[in-house]
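Visitor: I would like to walk through a protein model with you. Could you take my questions one at a time?

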Amino acid sequence: MLCKLRFLTKLRVPEERNVKLLIAQMHVVMGQLDVASEKLQNIIDEDPRDFRPHLCQGIVYALLDRKEDADKQFDIYRSLVPDEFPDKSFISDVILAAKMESDDRIQKEFGSEFLSKK
């Protein structure tokens, strides 16, 4: 009986982490980036070896124009993601898109400031 209980407990932990990760992602979709970042940091603190919240945190930081923080999280993600992870190349494209989105936002902000000064 105790063995079954331990097995069920082990199953619940990953499921709980998955739900927490989905909740953080929902905050991103709703535009609540600061809330999402806080929730992702809590997930990272619980298990820093899980590559998924590092990826998500990097994307959030990129959207917040925190480029150095984003790059750090993406580097951590790359160091942790297994080589055999099936979506690794797709996620590399997502990282590139997040970095480009951040750069586009900066260019738009500075471009409009520059145009208003003319």
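Guide: Gladly; what follows is a set of questions and answers on this predicted model.

Visitor: Which pattern does the protein chain follow along the sequence?

Guide: The protein chain has 5 helices and 0 strands. Read from start to end, the elements give the pattern α-α-α-α-α.

Visitor: How much of the protein chain counts as buried?

Guide: The accessible surface of the chain comes to about 8400 Å², and 60% of that belongs to carbon and sulfur atoms. For burial, the cut-off is a relative accessible area under 20%. Of the 118 residues, the share that counts as buried is 27%.

Visitor: Are α2 and α3 roughly parallel or roughly antiparallel to each other?

Guide: Helix α2 covers residues 33–46, and its axis lies 9 Å from that of α3. The two pack at an angle of about 155°, and angles over 145 degrees count as roughly antiparallel. The crossing is left-handed. By the angle, therefore, α2 and α3 are roughly antiparallel.

Visitor: Which residues of α3 meet α2?

Guide: On the α2 side, the residues are L33, A36, S37, L40, Q41, I43 and I44. Their partners in α3 are P53, H54, C56, Q57, V60, Y61 and L63.

Visitor: How are α3 and α4 placed, roughly parallel or roughly antiparallel?

Guide: The axes of α3 and α4 come within 8 Å and cross at roughly 160°. α3 passes α4 in a left-handed crossing. Since that angle is over the 145 degree cut-off, α3 and α4 are therefore roughly antiparallel.

Visitor: Is H54 buried or exposed?

Guide: H54 is found in helix α3, and it is among the residues of α3 that meet α2 and also among those that meet α4. Leaving aside neighbours within four places in sequence, H54 is in contact with I44, P48, Q73, I76, Y77 and L80. Its relative accessible area is 4%, so H54 is buried.

Visitor: And what about Q73, buried or exposed?

Guide: Q73 lies in helix α4. Not counting residues up to four places away in sequence, Q73 touches I44, H54, Q57, G58 and Y61. With a relative accessible area of 8%, which is under the 20% cut-off, Q73 is buried.

Visitor: What separation do the C-alpha atoms of D75 and H54 have?

Guide: The place of D75 is in helix α4, whereas H54 is in helix α3. Along the chain these two residues are 21 residues apart. In space, their C-alpha atoms are separated by 8.8 Å.

Visitor: Which residue joins D75 in a polar contact between side chains?

Guide: D75 is partly exposed, with a relative accessible area of 46%. Its side chain takes part in a polar contact of 3.1 Å. The partner is R78.

Visitor: Which residue has a positive phi although it is not a glycine?

Guide: Look at the loop between α3 (51–63) and α4 (67–80), where this residue is found. Its phi is about 60°, and it is partly exposed with a relative accessible area of 27%. The residue is D65.

Visitor: One last point: what share of contacts between residues at least 6 apart in sequence joins residues at least 24 apart?

Guide: Contact here means heavy atoms within 4.5 Å. Among contacts in the protein chain between residues at least 6 apart, the share that joins residues at least 24 apart is 49%.

Key
Residues numbered from 1 in each chain as written. Predicted model: local features only at pLDDT ≥ 70, side-chain atom pairs only at ≥ 80, totals over all residues. Heavy atoms only, no water. Helix = DSSP H or I, 4+ residues; strand = E, 2+ residues; numbered from the N terminus. Buried < 20%, exposed > 50% of the residue type's maximum accessible area, 1.4 Å probe, protein only. Areas by Shrake-Rupley, 256 points an atom, 1.4 Å probe, with all protein chains shown as cover. Polar contact = N/O pair within 3.5 Å; in protein donor to acceptor, adjacent residues only side chain to side chain. Axes fitted to C-alpha atoms, helices over the stretch in contact; angles between N-to-C directions. Parallel < 35°, antiparallel > 145°, perpendicular 65-115°, else oblique. Left-handed = near helix turned anticlockwise from the far one by under 90°.
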